[in-house]
Amino acid sequence: MKSNQLALTFSSIAENVGIARLLIASIGAQLDLPLNDIEELKVAVSEAVSNAIIHGYRNDANHVVYLELEVMDDALKIVVKDEGCGISNVEQAMQPAFSTDPERMGLGFVFMQSFMDDLQVDSTIDIGTTVTMKKQLKQSSNASH
């Protein structure tokens with residue numbers, strides 16, 4: 001199987017978090033992933049997109065969020081990018097319960113780490129943040145088709 005790539009660019013508004021969730025759920029369903037895995041993908045993607053909107057762009061709707069998906073033979077790669085304010089200390093931001101917004105629980109990165117097999121966060125102040133997540137796909141499920 002060749003890799004399949006999808007790219008979606010959307011306005012940095014909360015309503016588009018749901019669209020990102022629907023897209024990843026559709027991809028998960030195409031891959032015959034178990035419902036639990038699809039739910040975890042939806043949470044991880046919505047957390048990454050929400051972070052871009054709330055923290056990266058500080059809820060300013062005049063920006064765009066980039067969502068890139070790549071389905072490979074053995075993995076699903078998800079990239080969420082923003083061109084926002086950046087994260088000054090990625091290691092600190094990834095700690096449980098850390099948030100720059102007192103209204104938020106600060107568990108987004110925790111969910112992404114626990115639900116995905118690999119998580120990388122690259123961020124530069126005033127340039128933006130790129131969150132790259134990978135989910136390993138079971139070879140046996142592809143072999144049975």
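Here are some worked exercises on a predicted model, each with a task and a step-by-step solution.

**Exercise 1. The largest pocket**

Task: Find out how much space lies in the largest pocket, which residues lie nearest its centre, and which elements line it.

Solution:
- Start with the volume: the space in the largest pocket comes to about 570 Å³.
- Next, turn to the lining, which is made up of 28 residues. Nearest the centre of the pocket lie Asn51, His55, Ile87, Thr100 and Phe109.
- Now assign the lining to elements. Two or more residues each come from α2 (35–56), β3 (75–82), α3 (90–93), α4 (108–115) and β5 (128–136). With seven residues, α2 gives the most.
- Finally, sort the lining by class: twelve residues are nonpolar, twelve are polar and four are charged.

**Exercise 2. A residue by the pocket centre**

Task: Take Asn51, one of the residues nearest the centre of the largest pocket. Decide whether asparagine 51 is buried or exposed, and list what it touches beyond its neighbours in sequence.

Solution:
- Place the residue: asparagine 51 sits in helix α2.
- Check its accessibility. The relative value is 16%, and the cut-off for buried is under 20%, so asparagine 51 counts as buried.
- List its contacts, leaving out residues within four places in sequence: Gly56, Phe109 and Met112. Of these, Phe109 is also among the residues nearest the pocket centre, and methionine 112 belongs to helix α4.

**Exercise 3. The aromatic pair**

Task: Work out how many aromatic pairs the model has, and how the rings are arranged.

Solution:
- The count is one aromatic pair. Its partners are phenylalanine 111 and phenylalanine 115.
- What do we need to describe such a pair? The distance of the ring centres and the angle of the planes.
- Here the centres are 5.9 Å apart and the planes meet at 10°. Planes under 30 degrees apart count as stacked, so this pair is stacked.
- Look at the positions along the chain: both residues lie in helix α4, four residues apart, which is about one turn of the helix. An α-helix has 3.6 residues a turn, so residues three or four places apart point the same way.
- Compare the burial of the two partners. Phenylalanine 111, at 28% relative accessibility, is partly exposed, whereas phenylalanine 115, at 18%, is buried.

**Exercise 4. The buried face of α4**

Task: Identify the buried residues of α4, decide how they are arranged around the helix, and name elements that cover them.

Solution:
- The buried residues in α4 are Gly108, Phe109, Met112 and Phe115.
- Viewed down the helix axis, these buried residues fall within an arc of 140°, so they line one face of α4.
- The cover over these residues includes α2, α3, β4 (118–124) and β5.

**Exercise 5. Two buried methionines**

Task: Describe the surroundings of methionine 112 and methionine 133, again setting aside residues within four places in sequence.

Solution:
- Methionine 112 is in helix α4, while methionine 133 is in strand β5.
- The relative accessible area is 0% for methionine 112 and 0% for methionine 133, so methionine 112 is buried and methionine 133 is buried too.
- Methionine 112 touches Ala44, Glu47, Ala48, Asn51, Leu119, Val131 and Met133.
- The contacts of methionine 133 include Ala44, Val45, Ala48, Leu76, Ile78, Met112 and Leu119.
- Follow one of these contacts along the chain: methionine 133 and alanine 48 are 85 residues apart in sequence, with their C-alpha atoms 9.5 Å apart.

**Exercise 6. Positive phi in two loops**

Task: For arginine 58 and aspartate 126, give the phi angle, the location and the exposure.

Solution:
- Begin with arginine 58, whose phi is near 50°, a positive value in a residue other than glycine. Arginine 58 lies in the loop between α2 and β2 (64–71), and its relative accessible area of 61% makes it exposed.
- Move on to aspartate 126, which is not a glycine either and has a positive phi of about 65°. Its place is the loop between β4 and β5. With a relative accessible area of 65%, aspartate 126 is exposed.

Terms used
Residues numbered from 1 in each chain as written. Predicted model: local features only at pLDDT ≥ 70, side-chain atom pairs only at ≥ 80, totals over all residues. Heavy atoms only, no water. 1 Å grid on protein atoms, 1.4 Å probe; cavity = no way out; pocket = protein on both sides within 12 Å on 5 of 7 lines; lining within 4 Å. Points joined across faces, edges and corners; volume = space filled by probe spheres on them. Nonpolar A, V, L, I, M, F, W, Y, C, P; charged D, E, K, R; others polar. Phe/Tyr/Trp six-rings, centres within 6.5 Å; stacked < 30°, edge-to-face > 60°. Buried < 20%, exposed > 50% of the residue type's maximum accessible area, 1.4 Å probe, protein only. Arc of directions from axis to C-beta. Contact = heavy atoms within 4.5 Å.
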